[in-house]
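Got the viewer open? Keep the selection box handy, and we'll go from one stop to the next.

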Amino acid sequence: MSKGSPASPALMAAKSPGHGGHAGTSTSAANPASAVVGPNNVVAPVKMTGSEAIVRSLEELGVKDIFGLPGGAILPTYDPLMASDLNHVLVRHEQGAGHAAQGYAMVTGQVGVCIVTSGPGATNLVTPIMDAHMDSVPLVAITGQVSSGVIGTDAFQEADIVGITMPVTKHSYLVTNAQDIPRVLAEAFHLASTGRPGPVLVDVSKDAQQGPMTFSWPPVIELPGYRPVFRGHSKQLREAARLIRDAKKPVLYVGGGVIKAEASAELLELAELTGAPVVTTLMARGAFPDSHTLHVGMPGMHGSVSAVTALQQSDLLITLGARFDDRVTGVLKSFAPHALVIHADIDPAEISKNRTADVPIVGSLKEIIPDLTAAVRAEFSATGTPDLADWWAFLGNLRDTYPLGWTEPEDGLMSPQHVISRIGALTGPEAVYVAGVGQHQMWAAQFIKYERPRSWLNSGGAGTMGYSVPAAMGAKVGNPDRVVWAIDGDGCFQMTNQELATCAINKIPIKVAIINNSSLGMVRQWQTLFYNSRYSNTDLNTGHDTVRIPDFVKLADAYGCAGLRCERAEDIDATIEAALAINDRPVVIDFVVSPDSMVWPMVPSGVSNDQIQVARNMTPVWEEED
C-alpha cells in the first residue's frame, strides 16, 4: 500500500464529497437509511471522536456481544468501550475472536463482531475471515491500523490487511476519516447480512479513531451496484415445477443456504408436497429433520450410501443453496450423469459455476421455495402427483442395506463413533454441537441426529483446525440457555485451547469432548489407505500408552475447568452425564479412543461417487435402474 493511497481506490471509505458534514441528514432512493440494521433510532448530531463513533455505531446497530483483543492501533477504541453496555469478551488469541464471532453468528443468525489491533493482530484474523467467507457466515471484523500519515512506510505493526483480505471478504474498507465511520459500519453490517452472507473488514487508522467528528444516526448507506435479488423469476419457477412434475427420480439437494435463509419450514413443505428424497450436505445438517422419512442422509466423500447413490442415480437435482463442491461431487464429470439440474441460490456466481444449471433461479430461498411450492402444487393439481414408488423402493433398499454404523476396534480401546453417538443421544437435539476438522467432524455429522437448523456448526469449506473451542464459546454466548458441545480432536484442540481461559473467566460453560486417538486422525487414515500405513509425523503422544503430553485433564484444571477422562466403554454414559450436570464452569473430557477407527463410508479422492466404499475395499452392490 503506497502512502496515502489504498490498495484499491474503490475500497476507500471516503466516497462522498466533503468530509465536514454529518451522516444521516438525507435519504437516498437507491440506498435509503432504512437499509441500516438495528432499531434505527434517530440520533441528533453530537460531537465525539472516531473511536467513540465506532462504539456508538455498534450500539445503534443492535450489537450486544463482541469478541476481541486490544493493542496499540485499536487502543483509542477500547477506552470508550469501558463506558458501553456492549459485552466485550476478551479472548486469548485473535483467531479465537474470529471463530467466536462465527459461532455467535451461526447460532443467532445475527452478524458476529470481532475487534483486534493492527499488524499481527489483524493477520491472526485472516484464517477465521477466510473460514467465514467459505461458509457464508455474516461477520464484521474491525481492525486498528497505523495512522494514515505513515501508511505505506512499514511503520511498526503495519500490515495491508485490506489487501490481504480482499480475496476472502465481501468487501474491505480502509477508513482514514473519522466522519466516515458510522456510514462505513452501517454498510459493513448491511453487506455482511444481506444477499449471500459473508465477512466484511473495516480497517480504521489510529488518527481516524482519535479525530473529531459529528455523529448522527441513522446514516445513509451508499452502495451503488449492490442490489441482491430476492424473488425468483416466475418463468424459471414455472419451468422448474414442470421438471419436478415430469421427474421419475428427483432429489432435493439441500445446502447450507437453506439455513442461512431461515427457510427450513418452507423446505419441509416443498419436500412433503413432492415426496422427493432429501439429502442435506455437511453445511445443511439440521436444515431438514434427520428423523423425517424423506431424509436419506448426508452426501459427499463421507456421506451415506443412500444419499450418495440418490444423487448419482437421480434424473433431477432440485438444488437449493448448495454449490456442487468437490467433496459432494467427487469427479465432477461423473457426478449425477443423467440428471437435469434446477439450481436456486442467492449468489448468481454460484449458479453454473461447477455444474451447468438447466433451470437457474437467482434469489433468496426464503422467497423462492414458497413460490416454487405454489408452482409445483399448481402442476400437480392439473396433472396429478407423480408416482415415485419405484424410486423409493430402490432408495429404501439402500437405506436398509447400508445404514451408517461402525466396527468395534480390535485393540480393545473405545470406539469414537460410540462416544459421539452417546453424546448426541444423552444431550438431545436442542443442544448445539460444534466440531473441529477431521475424523471427529465426520463422525459428529454422521452419528448425532440433527432435528433443527443452527444446531450443527463446523468449518466446512476451509476445514480449519482450531475452530471448535472458540466457535463453541461464541455459540454459548449467543445461545446461553442451550447446552453447547465442542466435539474436538486432540490435534485441533491443541491449536486454540487457550480460549478455555476465556470461557472460565467469563463464565461461558461449554462442554468439550476431546476424541483423543493420539494422532492427526484423518491424515493417519489416509496414510493407512494410500501410503502403506507409513505414519509420517501424525503421532501426537496424547493418548493410550503414551507420554500424554499434554495431559488434558491437568490442562483443564490449570484453565479453571472441570477435567474428566474416560477410557472404558462402560463408563461413557456416566462420564457424559457427569459433564451435563456441571454448569458453573467449562468441562473438558478426554475420551481415549482407538487410533485405528476410520470414517466410513468413503469416496476416495479422484474417483467417481459410484465407487463409494462402505469399508476398506468393500463397495456396495446394487442394480442400477434402467
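Start by selecting Leu-252, Leu-317, Leu-320 and Ile-342: in the largest nonpolar core, which has 63 residues, these four touch the most other members. This is a predicted model, so everything on the tour is computed from predicted coordinates. Now add helix H14, residues 365-383, which gives the most to this core, with seven residues. As background, nonpolar side chains in soluble globular proteins tend to be buried together.

Stay with one of those four for a moment. What does Ile-342 touch, leaving aside residues up to four places away in sequence? Show Ala-240, Leu-243 and Ile-244, then Leu-316, Leu-317, Ile-318 and Thr-319, and finally Val-359 and Ile-361.

There is a second, separate core to colour as well: it has 52 residues, and Leu-69, Val-469, Ala-471 and Ala-475 are among them.

**Strand E12 and its partners**

Next, select strand E12, residues 316-320. Five of its five residues are buried. Which residues sit on which side of E12? Leu-316, Ile-318 and Leu-320 are on one side, Leu-317 and Thr-319 are on the other, and all are buried, leaving both faces covered. The general pattern to have in mind is that side chains in a regular strand alternate between the two faces of the sheet.

Bring in strand E9 (250-254), which pairs with E12 in the parallel sense over five bridges. Look for Val-254, standing opposite Leu-320 in E12. Then add strand E13, residues 340-345, which runs parallel to E12 and is joined to it by five bridges. Here Leu-320 stands opposite Ala-344.

**Helix H12**

Now pick helix H12, residues 305-313, where nine of nine residues are buried. The buried set takes in Val-305, Ser-306, Ala-307, Val-308 and Thr-309, followed by Ala-310, Leu-311, Gln-312 and Gln-313. What covers them? The cover includes strands E9, E10 (278-280), E11 (295-297) and E12, along with helices H13 (326-329) and H15 (389-401).

**The sheet that starts at E3**

Jump to an open sheet of six strands, paired in parallel in the order E3-E2-E4-E5-E7-E6. Its edge strands are E3 (87-90) and E6 (171-175), each pairing on one side only. Neighbouring strands here are turned by 20° against each other on average, direction ignored. Zoom in on strand E2 (residues 65-68), which pairs with E3 over four bridges in the parallel sense, and find Gly-68 opposite Leu-90.

**The sheet that starts at E16**

Another open sheet of six strands has the order E16-E15-E17-E18-E20-E19, again with parallel pairing. Strands E16 (456-457) and E19 (562-566) are the edges, each pairing on one side only. Helix H17 (residues 439-447) packs on the sheet and touches strands E15 (432-435), E16, E17 (484-489) and E18; the direction of H17 makes about 140° with that of E17. Then show helix H18, residues 468-478, which lies across E15, E16, E17 and E18 and runs at about 175° to E17.

While you're here, select E18 (residues 511-516) and E20 (residues 587-592), a parallel pair with six bridges. Val-512 stands opposite Val-588 in E20.

**His-99**

Type in His-99, which lies in helix H3, residues 94-108. Is His-99 buried or exposed? It counts as buried because its relative accessibility is 0%. Its side chain makes a polar contact of 2.8 Å with the side chain of Gln-102. Farther along the sequence, His-99 touches Thr-127, Pro-128 and Asp-131, plus Thr-464, Gly-466, Tyr-467, Pro-470 and Ala-471, not counting residues up to four places away.

**Val-184**

A quick detour: Val-184 is in helix H7, residues 181-193, and is buried at 0% relative accessible area. Draw a C-alpha to C-alpha distance to Val-202, which is 18 residues away in sequence, and you should get 7.7 Å.

**Two cysteines**

Last stop: select Cys-503 and Cys-561. Why is there no bond between them? Their sulfurs are 7.1 Å apart, which is too far for one, and for Cys-503 the sulfur of Cys-561 is the closest cysteine sulfur. Both are buried: Cys-503 has a relative accessible area of 0%, and Cys-561 has 6%. The structure as a whole holds zero disulfides.

Methods:
Residues are numbered from 1 along each chain as its sequence is written. This is a predicted model: local features need pLDDT of at least 70, side-chain atom pairs count only at pLDDT 80 or more; totals for chains, interfaces and linings use all residues. Side-chain values use heavy atoms; hydrogens and water are left out. Buried means under 20% relative accessible area, exposed over 50%, partly exposed in between (1.4 Å probe, protein chains only). Helices (H or I, at least four residues) and strands (E, at least two) are DSSP runs, numbered from the N terminus. Contact means heavy atoms within 4.5 Å. Two strands pair if DSSP finds at least two bridges between them. Axes are lines fitted to C-alpha atoms, for helices over the stretch in contact, and angles run from 0 to 180 degrees between N-to-C directions. A nonpolar core is a set of buried Ala, Val, Leu, Ile, Met, Phe, Trp, Tyr and Cys residues joined through side-chain atoms within 4.5 Å. A polar contact is a pair of N or O atoms within 3.5 Å; within protein, one must be able to donate a hydrogen and the other to accept it, and residues adjacent in sequence count only if both atoms are side-chain atoms. A disulfide is a pair of cysteine sulfur atoms within 2.5 Å.
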